Amino acid sequence: MAEQQHKPENQPHVLLFPWPSQGHINPLIQFGKRLLSKGVKTTLVTTIFVSNSIPSTRSHTSIPIESISDGFDAGGFAAAASSDVYLESFREIGSRSLADLIGRLRSGGTAIDAVVYDSFIPWAFDVVKEFGIDCGVFLTQACAVNNVYYHVYKGILSIPLDPKDSRVSLPGLPELEYSEMPSFVQNPGPYPTWSHIVFNQFSNFDQTRWVFSNTFYKLEQEVIEWMKTLWPLRVVGPTIPSMYLDRQLEDDNDYGVNLIKPNHKECMEWLNDKPKGSVVYVAFGSYGELGEEQMEEVAWGLNDSSLNFLLVVRASEEEKLPKGFVDQKTEKGLVVSWCRQLEVLSHESIGCFVTHCGFNSTLEAISLGVPIVAMPQWTDQITNAKCIEDIWGVGMRTKHDEKGIVRRENLVSCIKAIMEGEQGVVARRNAKKWRDLTIEAVAKGGSSDRDIDAFVSDLNHSR
């Protein structure tokens, strides 16, 4: 990037430490690129397994990578016997390994002015404070969702919620129904480990110097203002490659760290043959899993819609597709194992996005002005879907039956409403409005308060 040349030797240096998964790495990578463009040296810290999983041909991020051990260097999270086993290993071995890395860098003459760690890794604060280094914590989920989790953490909101208590009022948010709360709040029982992570991520916020959030001011203005009464919150999003937004970083057209190889050429050639606004893009993220029955309903629903569709099904999920589905589909449908989502969403043939409503995917759709059919599965996705339909007005939610399955008829109805109906006209108009506001936010450094510039100023003044 042209902006990163000829930087002085005494530039500030920040370590960025995301949770080791694609959806958490991407925002911190992009935050790092913005810091680089403003004269701050950044280094990404990730696990040995993740580092080894990055293809050697990856597009360069201009951010060096340092590796630490999570105890599962050969297989990562998937190699652990359970979530509990992995998290304990990551905390115990990762703490020692992170301390060793910081010590090695410092003894080699590399100064570290700050460490920004993912809120899912609160033990990183305990490691870093032993070295007397300033800490910042990075939230990768919406402020609306973190507001809910914080009230659980403080004991103000008791869980599991009683379905009879149909509405919950929290500061900065509209009333939320039981069915609109994150799944860990509705019923934390099935996921005790993950529930512990999301509720206890706030344990050391009061001791950190900065709290960063991957959102932008106008998207969540009221809840951001409330959160600023608690912590020194800096909103620095949406953290999306610059060439899709403000185009200030001329080489920044991809996240640069792709843990899954995309079917890029096949996707682009297929999309290029489709009319403008005619394709339904369907993807459920790098982490989520659909049950076999739900996968069948999605597949045949897309087939029944008679619309062009691009369906992403990870290799590990392919066996859940209905037998014969891939063979029976016509030229209207393409199934791939992975794609470069930003390039797909920005393609003129895309008419709507059927998504699980992970916050990264939600921000990407909003930033590129693509209307959404929201099909949340669990965790924060349910509340994000509420925001998509009722607060931001960029799409509509599907409805599941008593078994928790979105049936093909409902999926087709929602897709048709967005692609062909009046609701789609409104969603597209709102999506365009949010795209314009997104570009404005990025041009201002994250918010009207220029939060990225303020962080850089803090670093320089502390040296």
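**Around helix 14, with stops at S183 and T140**

In helix 14, the buried residues (buried is under 20% relative accessible area, exposed over 50%, partly exposed in between, with a 1.4 Å probe and protein chains only) are Q381, I382, T383, N384, A385, K386, C387 and I388. This is a predicted model, where local features need pLDDT of at least 70 and side-chain atom pairs count only at pLDDT 80 or more, while totals for chains, interfaces and linings use all residues. Residues are numbered from 1 along each chain as its sequence is written, and side-chain values use heavy atoms, leaving out hydrogens and water.

So what about helix 14 overall? The helix spans residues 381–391, and eight of its 11 residues are buried, leaving it mostly covered. Helices (H or I, at least four residues) and strands (E, at least two) are DSSP runs, numbered from the N terminus. The cover over those buried residues includes helix 5 (143–153), helix 6 (183–186) and strand 15 (395–397). Just past the helix, G393 has a positive phi of about 65°.

Now hop over to helix 6, where S183 sits. S183 counts as buried because its relative accessibility is 11%. Leaving aside residues up to four places away in sequence, S183 touches P188, W378, T379 and I382; contact means heavy atoms within 4.5 Å.

Last stop: T140, in the loop between strand 5 (134–139) and helix 5. With 6% relative accessibility, T140 counts as buried too. Its contacts, again not counting residues up to four places away in sequence, are H24, P27, D118, N214 and F359. The side chains of T140 and H24 are joined by a polar contact of 3.4 Å. A polar contact is a pair of N or O atoms within 3.5 Å; within protein, one must be able to donate a hydrogen and the other to accept it, and residues adjacent in sequence count only if both atoms are side-chain atoms.
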